[in-house]
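Biologist: Could you walk me through this model before I go back to the bench?
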Amino acid sequence: MDEVQPLAINGTGDLAITNGTTGDASVVQVSTGKAQVTLKNSPVRATSALFWKESPVLGLADGAVKVFDQSGAVIAGIHIHSGPVTALAVHPCGDLLASVGEDKSFVLYDLNTMKAVQRVSTDSGMLASF
């Protein structure tokens with residue numbers, strides 16, 4: 001049985017994005033442990049998440065990135081990666097989002113227009129030396 005998994009915590013530390021047992025993600029208030037908003041992404045599981053300003057952003061197992069408003073409505077859904085999104089980051093300026101995919105690419109998005117502006121593919125995978 002799947003367990004609830006935390007994916008991201010907001011700047012105040014009181015909101016977390018979690019993967020639930022149903023496939024949908026939730027925004028949970030940490031202090032109370034209660035779900036505030038359900039982020040509809042089922043049946044595709046979230047593989048990464050962050051908060052952009054106060055809006056939840058999910059990277060999904062199907063390669064999509066979804067931006068939600070605070071009520072859980074989808075603001076933007078962009079499907080560029082050909083495999084799971086493994087990481088998300090927002091540039092300090094607050095206008096650019098980057099996603100990294102298992103497909104060995106990263107994509108930059110303009111958060112003002114909610115469009116992808118650049119995709120870069122690499123031929124390198126993750127390496128570890130011991």
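Modeller: We can take one serine first and then a strand and its partners.

Modeller: This is a predicted model, in which local features need pLDDT of at least 70, side-chain atom pairs count only at pLDDT 80 or more, and totals for chains, interfaces and linings use all residues. Residues are numbered from 1 along each chain as its sequence is written, and side-chain values use heavy atoms, with hydrogens and water left out.

Biologist: Where is S99 placed, and is S99 buried or exposed?

Modeller: S99 lies in strand β10, residues 96-101, strands being DSSP runs of E with at least two residues, numbered from the N terminus. S99 counts as buried because its relative accessibility is 0%, where buried means under 20% relative accessible area with a 1.4 Å probe and protein chains only.

Biologist: Which side chains make polar contacts with the side chain of S99?

Modeller: The side chain of H81 does, at 2.7 Å, and the side chain of Y109 does, at 2.8 Å. A polar contact is a pair of N or O atoms within 3.5 Å; within protein, one must be able to donate a hydrogen and the other to accept it, and residues adjacent in sequence count only if both atoms are side-chain atoms.

Biologist: Switching to β7, what does it pair with?

Modeller: Strand β7 runs antiparallel to β6 (residues 55-60), with 3 bridges, and antiparallel to β8, with 5 bridges; two strands pair if DSSP finds at least two bridges between them.

Biologist: And which residue of β8 is the bridge partner of A64?

Modeller: That is H79, while V65 in β7 stands opposite G59.

Definitions and conventions: Helices (H or I, at least four residues) and strands (E, at least two) are DSSP runs, numbered from the N terminus. Buried means under 20% relative accessible area, exposed over 50%, partly exposed in between (1.4 Å probe, protein chains only).
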